[in-house]
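Work through these short exercises with the model open. Try each task before reading its solution.

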Amino acid sequence: MASPSRSGVFAAETDQRLEAYAESITFDSRLYQQDIRGSIAHADMLRSVGLITEEEFVQIRDELEVIRGRLDRGELPLRFELEDIHMHVEQALIDATGDVGRKLHTARSRNDQVSTDIRMWIRESLDTIDELLLGLQRAFLSRCDDDFDVILPAYTHLQRAQPVLAPHYWLAYIEKLERDRGRVADCRARVNQSPLGIAAVAGTTLPIDRQQTAAALGFDGVTANSLDTSSDRDFALESSFVLSMIASHLSGWAEEWILWSTVEFDFIAIPQQFCTGSSIMPQKVNPDTLELTRGKSARVMGSLQTLMLLVKNLPLAYNRDLQEDKPPLFDAFDTTRAMLELATPIVAGAKLKRESIAARIEKGYLDATTLMEWMIRKGMPQRTAHHLVGAIVGAAMEKGVPLADLSIETLKGLSPEIDESVFDVLGTKNAVAAFCSEGSTAPERVREQIAVWKERLA
C-alpha cells in the first residue's frame, strides 16, 4: 500500500529502501495518545466552523477512540510504508470510515501535527520531571533535622576549606534543584503554545479557529507566525538544555557521594539495595547507581548536542531533518527521569558515618578563616590577619595539632594581640557557631532556611 502522503503527482512507487530509511514509526509511535487527542480536537473545530457535519465528527471521534484502544492493546500493525504515527492513525480511520476519515486532515499538515504532538508530550514530561525534582528536594529536606548536629568539611579545590553543618549541604542541593524547577516552569511556558492550524508553512485559506483547538488541548495560546512555527524546534532544544542542567547537578551530587563512600573519605553509607558487588572481589560494595548516574548524564548532554547540530543550519521552514529530533529528545527525558527516580531513595536512605566524620573533622584547619575574621574584628587589616593565621597554621602543622590545641603562649609568641578569647572561635564547633551572615552555615540561619523550605515544599 502506498503512503497516504503520496499524491497523484507520483508516477513511481516508493523504493522499499527509502521506506525503511524514512520511517519514524519505530520511535514516534509513543506519541499516539497526543496524536489522537489532537486529532479529536481538530475534528471538533472542523465541525464548529462547518467544514464537517456533526455526524461526521461523531463518527471520526468514536473511531479515533477505537483506534486508541487498538494501540493501547498493541493490536494495530505498524508498517514502514505508513512512515509515522500520524499516517497510521489516519489510515486506520480511513479504513474504518472511508471518505469521512479522509476529511480529518482538512486544514492540517503533518508539520503542525507533529509539532503539536511533541509539544503536548514535552509538556506532560516536564510535569513529571518537576514532580520528581520536588520529591528529591523533599528527600534532602527530610535529612536536615536528623543530621543537624553533624559538622562536615566543605571543600574548595577538593581541599578541606571550612566547617559547615550537614543540613547546609542538603539545603545547597535543594537550591540547585529549585533552579532546575524554575527552568522547567519557564520552558513549559514557551512549549505550551499551540502550532495546530499553521498547516504546512503558510497557514490555510479555510475558516478554521486555532484558538478553539488550543483551548481544547490545554495550550496557553497559539503561535504567531506560520513560517517560524513550521521550522521551530526551540522548545525541544530548550527542554533538552533544562534536562542537561538537571543531569549536571545529579552528576555532581553522584560524584560527591561516590567520594564520600570511599574508605579514604568514609563519610556516608549508600543503601546497599542501590549498590552492586564484584565478580571477583567478595568484599566490594560498589556505588554503581551513582556511577551510572554520573555516566548517564553524558547521554542527556549528548542529546542536547545532537539537537543543536540538527537545527544549526536549516533554512526556513520545515525540513525532513527534523524527524531526527525525537530519538535524542525521548532519550534525554527517559534518562533524566530514571536518574531522578533512583536519586530520591538513595538520598532518603543513605547514612552519615558520624563517628568517622567526627574523628577527623579537626584535620585540615577548617577554623583558620574564622580565626582570621576574629582578628579582623579586633581591628587587624585583613591581609595582615591572613598572613598571621598562615604562620599560626604553620606552627600547628609543625606540632601536629589542631589550632585549638596550641597554647596561649605559642599564640601570643606569634602575635601579642591574641588573648584567651581566641579559643571561643577555635575548633570546628566554635567556628560554625561563629558564623552569622545571611546564607551562611550559621546554625540559626540554617534553621531559618529549613523552616522556609518546609513551608515551600509542603
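Val201 lies in the loop between β3 (193-194) and α9 (210-216). Helices (H or I, at least four residues) and strands (E, at least two) are DSSP runs, numbered from the N terminus. The model is predicted: local features need pLDDT of at least 70, side-chain atom pairs count only at pLDDT 80 or more, and totals for chains, interfaces and linings use all residues. Residues are numbered from 1 along each chain as its sequence is written, and side-chain values use heavy atoms, with hydrogens and water left out.

**Exercise 1. Classify Val201 as buried, partly exposed or exposed.**

Step 1. Take the cut-offs: buried is under 20% relative accessible area, exposed is over 50%, and partly exposed is in between (1.4 Å probe, protein chains only).
Step 2. Val201 has a relative accessible area of 34%, so Val201 is partly exposed.

**Exercise 2. Place Ala343 and list its contacts beyond four places in sequence.**

Step 1. Find the element: Ala343 sits in helix α13 (residues 326-349).
Step 2. Check the cover: at a relative accessible area of 2%, Ala343 is buried.
Step 3. Apply the contact rule, heavy atoms within 4.5 Å. Leaving aside neighbours within four places in sequence, Ala343 touches Leu136, Leu250 and Trp253.
Step 4. Compare sequence with space. Ala343 and Trp253 are 90 residues apart in sequence, yet 9.5 Å apart C-alpha to C-alpha.

**Exercise 3. Test the length of helix α5, then decide how enclosed it is.**

Step 1. The expected span is 1.5 Å times one less than the number of residues.
Step 2. Helix α5 (residues 85-97) has 13 residues; it reaches 18 Å from first C-alpha to last, close to the 18 Å expected.
Step 3. Of the 13 residues of α5, 11 are buried, so the helix is largely enclosed by the rest of the structure. Among them are His86, His88, Glu90 and Gln91.
Step 4. Name the packing partners. The buried residues of α5 pack against α2 (25-28), α3 (32-48), α4 (54-72), α6 (99-102) and α7 (110-144).

**Exercise 4. Repeat the length test for helix α12 and find its partners.**

Step 1. The 24 residues of α12 (residues 288-311) should span 34 Å; the end C-alpha atoms are 35 Å apart, which agrees.
Step 2. Buried residues of α12 include Leu290, Val300, Leu304 and Leu307.
Step 3. The buried residues of α12 pack against α11 (234-260) and α13.
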